[in-house]
Amino acid sequence: MKTAKILLLLSAVAFVGCAVESSYARPEHKFLLYRKIAVISFSNPKDAPAGQEAADIVALEFADKAFTVVGSSQLMALIEQSEFYTAGMTPEIKAKLKQSGIEAVVLGKISEYSCSNTDLPPTALNIGRKNVCNVSLTAQMVDINTGEIVWGATASDTQEGAGLTPKRVLLGLAKKMSLSIPDAPKKPSVKK
């Protein structure tokens, strides 16, 4: 029984990593003014599907804060998302977004999204091989009318554990970032 508790404790400690976060919000800015925002696929030169996945996760965090969110998959009909990163907020892109009622866009970059194996041989305390996963994520909210960055956050985390994936680390980072969204509208309370 004691051995099982010790193994459980060791596995819990293995999933604890170090996270670094910083955020910015334009002072005295009213985020409640943004009735509709869009989340663009995050830039990730090494793994484009991970960029889409990060955008979807961050979109859910904004939706959880009661923002009306247009996901990156819905934006494909409006704009070429990769063009946004290369050309910026061109008058054509701005006009298309405004026509759809979008008032701000959230975009970002994944600069690290990887896992490696510790290559340690299994022992009595370490039955399975452990993965060491590194994820670094930056997100920004840009006002469509002014082009100003009104909110931004960056976070990175390194975790170690058996069966750990970069997606699991990314989910935790997105949750941390969501805590820094200032003046987010509150969801209406559910009556029971």
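Biologist: By class, which residues does the lining of the largest cavity have?

Modeller: This is a predicted model, and every value here is computed from it. By class, the lining has six nonpolar residues, one polar and one charged. The residues are Val58, Glu61, Phe62, Trp151, Ala174, Met177, Ser178 and Ile181. Glu counts as charged and Ser as polar, so Glu61 and Ser178 are the two that fall outside the nonpolar class.

Biologist: Which elements supply at least two residues of that lining?

Modeller: Helix α2, residues 48–64, does, and so does helix α6, residues 166–178.

Biologist: What volume does the largest cavity have?

Modeller: About 30 Å³. The count is one cavity of 30 Å³ or more.

Biologist: Now an open site. How much space lies in the second largest pocket?

Modeller: About 160 Å³. Its lining is made of Ser41, Phe42, Ser43, Asn44, Ala48, Gln52, Gln81, Ser82 and Tyr85.

Biologist: How does that lining divide by class?

Modeller: Six residues are polar, three are nonpolar and none is charged. Set that beside the cavity, with its six nonpolar, one polar and one charged residues.

Biologist: Which element gives the largest share of the pocket lining?

Modeller: Helix α4, with three residues. Both α2 and α4 (81–87) supply at least two.

Biologist: Let me turn to the interior. How do I read a nonpolar core?

Modeller: Start with the general idea. In soluble globular proteins, nonpolar side chains tend to be buried together. Here the largest nonpolar core has 33 residues. Those with the most contacts inside this core are Tyr34, Ile37, Phe42, Phe62, Met141 and Trp151.

Biologist: Which elements give two or more residues to this core?

Modeller: The strands are β2 (36–39), β4 (104–117), β5 (131–143) and β6 (149–161). The helices are α2 and α6. Of these, α2 gives the most, with seven residues. Apart from this core lies another, of 13 residues, including Phe84, Ile93, Leu97 and Ile102.

Biologist: Do some core residues turn up in the linings too? Which should I look at?

Modeller: Take Phe62 and Trp151. Both are among the residues with the most contacts inside the largest core, and both line the largest cavity. Phe42 is also on that core list, and it lines the second largest pocket.

Biologist: Where does Ile110 lie, and is it buried or exposed?

Modeller: Ile110 lies in strand β4. The cut-off for buried is under 20% relative accessible area. Ile110 has 2% relative accessibility, so it counts as buried. Leaving aside neighbours within four places in sequence, Ile110 is in contact with Ser43, Asn44, Pro45, Ala50, Gly51, Ala54, Ser136 and Leu137. The C-alpha atoms of Ile110 and Lys46 are separated by 9.1 Å, with their places 64 residues apart along the chain.

Biologist: And which residues does Val142 touch?

Modeller: Val142 is in strand β5. Its relative accessible area is 9%, so Val142 is buried. Not counting residues up to four places away in sequence, Val142 touches Met89, Glu103, Ala104, Val105, Leu107, Gly147, Glu148 and Ile149. Its C-alpha atom is 5.3 Å from that of Val105, and the two are 37 residues apart along the chain.

Biologist: Glu103 is in that list. Is Glu103 buried or exposed?

Modeller: Buried, because its relative accessible area is 16%. Glu103 sits in the loop between α5 (91–99) and β4. Residues up to four places away aside, Glu103 touches Leu33, Tyr34, Arg35, Lys36, Val142, Asp143 and Ile144.

Biologist: How should I read the sign of phi?

Modeller: Most residues other than glycine have a negative phi. Ala66 has a positive value, near 80 degrees. Ala66 is placed in the loop between α2 and β3 (68–70). Its relative accessible area is 31%, so Ala66 is partly exposed.

Biologist: Last, the whole chain. How many helices and strands does it have?

Modeller: Six of each. From the N terminus the order is α-β-β-α-β-α-α-α-β-β-β-α. Of the 192 residues, 38% are buried. Among contacts between residues at least 6 apart in sequence, 73% join residues at least 24 apart.

Biologist: And what does the accessible surface come to?

Modeller: About 11000 Å², with 59% belonging to carbon and sulfur atoms.

Technical notes: Residues numbered from 1 in each chain as written. Predicted model: local features only at pLDDT ≥ 70, side-chain atom pairs only at ≥ 80, totals over all residues. Heavy atoms only, no water. 1 Å grid on protein atoms, 1.4 Å probe; cavity = no way out; pocket = protein on both sides within 12 Å on 5 of 7 lines; lining within 4 Å. Points joined across faces, edges and corners; volume = space filled by probe spheres on them. Helix = DSSP H or I, 4+ residues; strand = E, 2+ residues; numbered from the N terminus. Core = buried A, V, L, I, M, F, W, Y, C linked by side-chain atoms within 4.5 Å. Buried < 20%, exposed > 50% of the residue type's maximum accessible area, 1.4 Å probe, protein only. Contact = heavy atoms within 4.5 Å. Areas by Shrake-Rupley, 256 points an atom, 1.4 Å probe, with all protein chains shown as cover.
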